[in-house]
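I'm opening my notebook on a new chain today. I'll jot down what I look up as I go.

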Amino acid sequence: MHGEGIARYPDWELLASWVAVVEAGSISEAAKRLRISQAGVSQRVKAIEALLDTELLDRSTRPARPTSAGQRLFEHATAILQSADQMIEGVRNVSRAKRVVVRLGCVDSFAATVGPIIIRALSGTSQQVRLWSGITPTLDAQLEARQLDMAVTTSGVGLAPGVRRQKLFSEPYFAVLPKAFPVERLGSLTDLSHQLRFIRYSARSVIGQHVDTYLMGHTDTIERTCEFDATDPMLSLVAAGLGFAITTPLCLWQSRHFVPDIRVVPLSSFSRHRRPYEVLSRSFYLSSRENELGNLPNDMHDLLCQAYEKQISRDIAKALGLQPHEVYSFTQ
């Protein structure tokens, strides 16, 4: 008879149920995750055990633990389900390619400055871009949840499986002071805070966390008074002579209407015990899911790098009285 002796394979529902049991640590927790009854999960586990003719759970323990065979199945099933997700999204991208709509998420300072150049560069082509803005943790989560096709963020860690991350460029942090504040004799940032209030980014933001870690590394103890999630209100206080801040060229360019009333000072101009401060910088990355968008991520990477190098960085440097190489770096 045709078909006799041919091995049967567990379907994706059974594999997903087994992965849920192992990851959740128990059948009851897996049932909550899968939104089915515990009996339903148990039936699926027994079905896959019968199909493979082996025990997957050691039921002599409480809660039951995966056997060696069960652990091996978990590893294979995880890889198979990830490949299945990629296959499904790849097929969907064929339809998406016909619509040529690309969902690109960028951190706020990037979207506000480089975003318009992207739109202009792609106008008149077959590509249409939906540009979203947000903060790095949110954008990373949206990319992983397939709500975005690509994302520009400032996080180079925590790479999700199947996500490719390409570095775009780095930019240094500067101290930003009121225009009239004398800078001939600068000591430490703590010394500066005794003359000007430190106006900082909130610790909720990645940039705020960068600055806080930097200050702790230099043993600077500065009172927390004014904190903001955005650059505009922060620079408005600096421009009014009410304090100083630490930010980056791209953030300054986003709020460039304040540039005539401020001045930027490299962090290396400050010193503690006659030792200059180290340079602090942040990097931008373009993230996309592997093997799903063809050459588009590489093309977008080149477009973004060229836009920043050929136009944005030069505009920023001119406005701040700096050289282009002082506001960015392409080193890996």
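**Notebook: two sheets and a helix pair**

I started with one residue pair: Val-101 sits opposite Gln-128, which belongs to strand 4. Note to self: this is a predicted model.

Next I looked up how strand 3 and strand 4 are joined. Strand 3 covers residues 101-107, and seven bridges tie it to strand 4, with the two running parallel.

Then I wanted the whole sheet. In what order do its five strands come? I found an open sheet with the order 4-3-5-14-6 and mixed pairing. Strand 4 (128-134) and strand 6 (163-172) are the edge strands; each has a single partner strand, so one side of each has no neighbour in the sheet. On average, neighbouring strands here are turned by 15 degrees against each other, ignoring direction.

What packs on this sheet? I noted helix 12 (residues 296-320), which touches strand 3, strand 5 (150-153), strand 6 and strand 14 (281-289). The direction of helix 12 makes about 5 degrees with that of strand 6.

**The three-strand sheet**

I moved on to another open sheet, with three strands in the order 10-7-11 and antiparallel pairing. Strand 10 (245-247) and strand 11 (262-266) are at its edges, each with a single partner strand, so each has one side without a neighbour in the sheet. The average turn between neighbouring strands is 35 degrees here, again with direction ignored.

I checked strand 7 (residues 174-178) too: three bridges join it to strand 10, and the two run antiparallel. Which residue of strand 10 is the bridge partner of Phe-174? I found Thr-247 there. Helix 10 (residues 231-239) packs on this sheet and touches strand 7, strand 10 and strand 11. I wrote down about 50 degrees between the directions of helix 10 and strand 7.

**The N-terminal helices**

I looked at the record as well: the unreviewed UniProt entry puts "domain: HTH lysR-type" at residues 10-67. Over residues 10-67 I get 62% helix and 7% strand, with the end C-alpha atoms 18 Å apart.

How do helix 1 and helix 3 cross? The axes of helix 1 (residues 12-24) and helix 3 (residues 38-52) come within 9 Å and cross at roughly 110 degrees. That's why I call helix 1 roughly perpendicular to helix 3. The crossing is left-handed.

For the contact, I listed some residues: helix 1 brings, among them, Trp-18 and Val-21, and helix 3 brings residues including Val-45 and Ile-48. The contact residues divide into eight nonpolar, one polar and two charged.

Key
Residues are numbered from 1 along each chain as its sequence is written. This is a predicted model: local features need pLDDT of at least 70, side-chain atom pairs count only at pLDDT 80 or more; totals for chains, interfaces and linings use all residues. Side-chain values use heavy atoms; hydrogens and water are left out. Axes are lines fitted to C-alpha atoms, for helices over the stretch in contact, and angles run from 0 to 180 degrees between N-to-C directions. Helices (H or I, at least four residues) and strands (E, at least two) are DSSP runs, numbered from the N terminus. Angles under 35 degrees count as roughly parallel, over 145 as roughly antiparallel, 65 to 115 as roughly perpendicular and the rest as oblique. A crossing is left-handed if the near helix is turned anticlockwise from the far one by less than a right angle, and right-handed if clockwise. Contact means heavy atoms within 4.5 Å. Ala, Val, Leu, Ile, Met, Phe, Trp, Tyr, Cys and Pro count as nonpolar, Asp, Glu, Lys and Arg as charged, and the others, Gly among them, as polar. UniProt positions are given in the numbering used here, feature names are shortened, and annotations may be inferred rather than shown by experiment. Two strands pair if DSSP finds at least two bridges between them.
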